[in-house]
Each structure stands twice: as C-alpha cells, then as structure tokens.
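Okay, thanks everyone for coming. I'd like to walk you through one structure today, so have a look at it while I talk.

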Amino acid sequence: MADDAAAWTALRQGGAVLILRHALAPGVGDPDHFDVNDCSTQRNLNNVGQEQARAWGRYLAEQGIRSAQVFSSAWCRCRDTATLMDVGRVTVMPSLNSFFAGQGDREAQTAETVDNVNGLPSGQPIILVSHQVNITALTGVYPDSGEGLILAMPLGEDNQVLARVGPDRAPD
C-alpha cells in the first residue's frame, strides 16, 4: 500500500475514492421483519456509532476534505453514517445496498458500483458508505465498522487499496 498521505492526496484530487463501512450498529444482518423504508425494523447506529460517524467528519476535515460527493446504501445505518459525517448531501446509490444472506446480487451490484463510481463527475472527492459484504466484494478486505479504504480510480475487477483509514485507525 502507498503511504496514507499519498492516498489522501489522490482522494482530494479525484484519483481515488473513499469507501467506508457504516459506523457501529451492533448485531449481524437485519431482523426478519426488515423493511428498508422503516428504520425501526433495522439494525441502527448506537451512540458509539453516531459518534464514530461525527468523528469521520472531523477526520475528513483534518485531511482537507470539507465537501464531497457522498453516496450511501439505502440502509438507515449507512445513510445515518453519511449524514452525520456532514461533508455533503447524501445520495442513495442502490448498488451499495447490502447483499448479505442472499438479499441482492453480489456480482451485479459490485459491477454496477464500479460503473456508477467511474461515471461520476470529477472535481470533488467521492465518498461511499456501504456494508462489509459490498466492500469485501470490491476489495477482498474485511473492514471493521467505521473503517474506510481509499481505492485507486478508476475502479475495476482488481481494485488497488491505497490506504486503510479511519479516525481511530493508526496510519499504515
């Protein structure tokens, strides 16, 4: 992996994208009565997760990123993470939705995410908030809750991880 400073520079200049796993939402998967349109039926951020998301906003500002194109899974824990970071309007990108336990389509969503991201206009950093399974499918990395990966652009089948980052993570 490149050093973190070079990865952050690439992100600021449009040569990379940041994808992060939503902040801490205790548990695994979602309840049986899960409804993507009803946060009360989902696993949500706890107080620690909410603070992790706010810490991301402060951390991004320290890295010179105060405004970004922000895209999220439709799941409330992802949208809440993206919103609490407070670096830009959050747009749902359905390809970032979880495909854990057979919901969704791993291959199709991963390919769609690659196409979506590569088709975005440059000019502002790009931040994606998604789920462990989606990030692992793109990178082969199993990220912790609230952990981010800076990936070299353009995305493709074999994505290069430039850095693993987060407000609580020591630089590589």
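Let me start with a cut-off: when I call a residue buried, I mean it has under 20% relative accessible area. One more thing up front, this is a predicted model.

With that cut-off in hand, take H131. It comes out at 4% relative accessibility, so H131 counts as buried. You'll find H131 in the loop between strand 4, residues 126-130, and helix 5. And what does H131 touch, once we leave out residues up to four places away in sequence? The list is R21, H22, S73, W75, R77, C78, L96, N97 and S98.

R21 from that list takes us to strand 1, because R21 belongs to one of the two sets of side chains there: V17, I19 and R21 point one way, A16, L18 and L20 the other, and all are buried. So how many residues of strand 1, residues 16-21, are buried? Six of its six, so the strand is mostly covered.

Now for the neighbours of strand 1. With strand 5 it pairs in the antiparallel sense, over five bridges. With strand 4 it runs parallel, and four bridges join those two. I19 is a handy residue to click on here. Its bridge partner in strand 5 is L149, and in strand 4 I19 stands opposite L128.

Carry on to strand 5, residues 148-152. Strand 5 is also joined to strand 6 by four bridges, and that pair runs antiparallel. If you want a landmark, I150 stands opposite A163 in strand 6. Strand 6 itself, residues 161-165, has four of its five residues buried, so it is largely enclosed by the rest of the structure.

Between strand 5 and strand 6 there's a loop, and P154 sits in it. The peptide bond joining M153 and P154 is cis, with omega at about -5°.

While we're on backbone oddities, let's go to D86. Which sign does phi of D86 have, positive or negative? It's positive, near 60°, and this is a residue other than glycine. D86 is in the loop between helix 3 and strand 3, which covers 90-92. Buried or exposed? D86 is exposed, with a relative accessible area of 63%.

Right, helices. First pair: helix 2, residues 47-62, and helix 3, residues 76-85. Their axes come within 7 Å and cross at roughly 40°, and the two helices are therefore oblique to each other. The crossing of helix 2 past helix 3 is right-handed. On the helix 2 side, the residues in contact are Q50, A53, R54, W56, G57 and L60, and they meet T81, L84 and M85 of helix 3. Sort that contact by class and you get five nonpolar, three polar and one charged residues.

Second pair: helix 4, residues 106-118, and helix 5, residues 132-139. These pack at an angle of about 70°, with axes 10 Å apart. That makes helix 4 and helix 5 roughly perpendicular to each other. From helix 4, the contact uses R106, Q109, T110, T113 and V114, while helix 5 brings N134, A137 and L138. By class, this contact divides into three nonpolar, four polar and one charged.

That's my tour, happy to take questions.

Terms used: Residues are numbered from 1 along each chain as its sequence is written. This is a predicted model: local features need pLDDT of at least 70, side-chain atom pairs count only at pLDDT 80 or more; totals for chains, interfaces and linings use all residues. Side-chain values use heavy atoms; hydrogens and water are left out. Axes are lines fitted to C-alpha atoms, for helices over the stretch in contact, and angles run from 0 to 180 degrees between N-to-C directions. Angles under 35 degrees count as roughly parallel, over 145 as roughly antiparallel, 65 to 115 as roughly perpendicular and the rest as oblique. A crossing is left-handed if the near helix is turned anticlockwise from the far one by less than a right angle, and right-handed if clockwise. Contact means heavy atoms within 4.5 Å. Ala, Val, Leu, Ile, Met, Phe, Trp, Tyr, Cys and Pro count as nonpolar, Asp, Glu, Lys and Arg as charged, and the others, Gly among them, as polar. Buried means under 20% relative accessible area, exposed over 50%, partly exposed in between (1.4 Å probe, protein chains only). Two strands pair if DSSP finds at least two bridges between them.
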